[in-house]
Amino acid sequence: MKRVNFSRSWMKRLVASLLPLFVLLAAPEGILPLDGQSHVWAAAAQKQAKDFNSHSHVSREDATMREMSKEPGAASTKEDQLKALNEAKEQLRAQYGENRRITDGNYDKALAVRCVNGTFVGRKTENVIAYKGIPFVGRPPVGALRWKAPVDVVPDDGVYEAYYNAKSAYGNENLETGSLFYQDEDCLYLNVWKSDEAPAGKEPVMIWIHGGAFEAGGTVDPMFDCHNFVKENPDVIVVTVAYRLGVFGFFHLSHLPDGKNYPDAQNLGLMDQMMALKWVHENIAGFGGAPDNVTIFGESAGAGSATLLPLIKGSHTYFKRVIAQSGSPNQTRSSKEAIGCTNELMDILGCKTVADLQKIDAQKLFEASAVLTLRQFPERDGRYLPLDTYEAYANGTAKDIDFLQGCNKDEFDFFVYGFGVEGFQEWAADRKAKGLANLPEKEKKLVESFQRDIKAESYERDSRLFSQIWFIAPIFRLSECQTKGGGKSYTYYFTPESSLPIMKCGHSIELASVFNHPEMTDDTGRVFDETFSKTMRKMWVQFAKTGNPSLNADISPDGKAKEWPLYDVKDKKVMVFDEFNIHPEKEAERKIVDWDRTYFLTKYYMLLPVKPGK
């Protein structure tokens, strides 16, 4: 199939111009009508939003300079934007195909792997074999199984193609490229990449969980094509997994009159991930992988998932290591917040029961759920997840799991770039009004003091604050708690900057380096140093192999040893990923976290602007 050439981040920026995100994120109750996304334009008009995202037009470099110089420029028309969006969709959807059952015996036996639920035949390119669209459940979560726990696979003697990505879960195409693909409730599939040189049952396994705020994304995203990664590192096997998103994967229902029959609805996305891990554990040896040497890794919501999974009973059977890039167990919500979201959507839909909801077409239900954008997170329900995720780590719940986690220097500048400066400032003002303004006076003064001391562009005061709240402080709290609980934790700080104005070292900017896609420069604006990126990948792989990311001189890409110290609560050493100087350093030397004025905010998790339910 034709390879997709557009970048995932370019699409984020393009679609930001279609949709003023702060309208969605900060909209008061009732501002968005029933049809959700299809009427966001009306909501934007009602709020008289300015065209703050005009810099997201197709010619990004020119548009970004226009933003920086404050020249008004000419905004593209809605029709132009929709045309560009549709063209991008067409490129991605050109990959689509349906995996068929092979009944005539005409297939390459060397590319076939027998699994519990069938024999799957992959495709080989160079020395890498890719198996795509393998189901990891016995029945898709459709019809009566909507909002039900995933069903385990059953034995199957059939032979099936594994040539094409499955459809993506219903997801917000305004957030992630993977959601521009065809969407369906029947979405629980995984992909496997292996070298043809991998010996049976021997190689470490790395399982990738994609990000997207738990409501967007998919394994089809070109960034997560692992061919380049495995070609460079033939001694690992990589798996990418899908899971239910948004209203289908994280939707509290048990408080409704007939909701007791749906006790798992609030955390189904995580349950899907667990089922995928179980499938890998039972089948990966056939691909040459070691089921007892598995690392789960992810970025953003994927990293949040990777740090929540160790807190789920029975999960430690399926993996022994975690890599979390810019995500942590703060990416959750309380039961009250979850119920508040459900009630808000129920009111919009005019529904009273789950039975009412079941009658609604999936597409319409998904569109209506646009009012909940960036508020659909796993739930700390005290049943599947603990009420206090950090306390669980501090108590040693995951002390037998090795951790590698970290953050980027300017996390929230990614969102400033995507929303536009004015749009971001609108969003930040609304979020502070609905969250920070309700803090005790003493805590508010600490936050105000933190922001006053920032001597930079005005938007940076809020950008740096939310970088601390959402990503940086939570990562360090995880390092603290995992260490206090008796576990191992390696922590990093990623610093290379994009050549694009505003972006700097924003959220997700490290992905091109991790997945060996130097051609994807839409976030970076340039190609990061080749040796630097290769060293980072080698550390990820070394951690997956051994539980220690340190490199000896003989395997380090630059021929120099890289000793990565364990995090400890006294010295708080981190590995600093400066582009031309990867080295360990005490956190205090960089002052990455403001321990007095922002660290305490981790107790409020995501500071969600949700009216708590009763």
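Visitor: Under what relative accessible area is a residue buried?
Guide: The model here is predicted. Relative accessible area sorts residues into buried, partly exposed and exposed. Exposed means over 50%. Buried means under 20%.

Visitor: Is Trp-147 buried or exposed?
Guide: Trp-147 sits in the loop between strand 4 (128-135) and strand 5 (159-161). Its relative accessibility is 1%. The cut-off for burial is under 20%. So Trp-147 counts as buried.

Visitor: What is the phi of Trp-147?
Guide: Trp-147 is not a glycine. Its phi is positive even so. The value is about 65°.

Visitor: Which residue in the loop between strand 10 and strand 11 (333-334) is buried, with a relative accessible area of 0%?
Guide: This residue also has a positive phi, near 55°, and is other than glycine. Its place is the loop between strand 10 and strand 11. With a relative accessible area of 0%, it is buried. The residue is Ser-326.

Visitor: How many residues does the largest nonpolar core have?
Guide: Trp-147, Phe-287, Leu-357, Trp-540 and Phe-577 have the most contacts inside this core. Helix 8 (residues 268-283) gives the most to it, with nine residues. Another core, of 12 residues, lies apart and includes Ile-472 and Tyr-599. The largest core has 157 residues.

Visitor: Which cysteine is in contact with Leu-357?
Guide: Neighbours within four places in sequence are left aside here. Among the contacts of Leu-357 are Arg-146, Trp-147, Phe-251 and Met-346. The cysteine in contact with Leu-357 is Cys-351.

Visitor: Which strands stand at the edges of the open sheet?
Guide: The sheet has 11 strands with mixed pairing, in the order 3-4-6-8-7-9-10-13-14-15-16. Each edge strand has a single partner strand, so one side of each is left without a neighbour in the sheet. The edges are strand 3 (123-125) and strand 16 (581-586).

Visitor: Which residue of strand 15 stands opposite Tyr-493?
Guide: Strand 14 (residues 489-494) and strand 15 (residues 573-578) run parallel. Three bridges join them. Opposite Tyr-493 stands Val-576.

Visitor: What angle does helix 17 make with strand 13?
Guide: Helix 17 (residues 458-484) packs on the sheet. It touches strand 10, strand 13, strand 14 and strand 15. Its direction and that of strand 13 make about 160°.

Visitor: What share of the 614 residues is buried?
Guide: The protein has 20 helices and 16 strands. It exposes about 22,500 Å². Buried residues make up 64%.

Key: Residues are numbered from 1 along each chain as its sequence is written. This is a predicted model: local features need pLDDT of at least 70, side-chain atom pairs count only at pLDDT 80 or more; totals for chains, interfaces and linings use all residues. Side-chain values use heavy atoms; hydrogens and water are left out. A nonpolar core is a set of buried Ala, Val, Leu, Ile, Met, Phe, Trp, Tyr and Cys residues joined through side-chain atoms within 4.5 Å. Buried means under 20% relative accessible area, exposed over 50%, partly exposed in between (1.4 Å probe, protein chains only). Helices (H or I, at least four residues) and strands (E, at least two) are DSSP runs, numbered from the N terminus. Contact means heavy atoms within 4.5 Å. Accessible areas come from the Shrake-Rupley method with a 1.4 Å probe; for residues, only the protein chains shown count as cover. Two strands pair if DSSP finds at least two bridges between them. Axes are lines fitted to C-alpha atoms, for helices over the stretch in contact, and angles run from 0 to 180 degrees between N-to-C directions.
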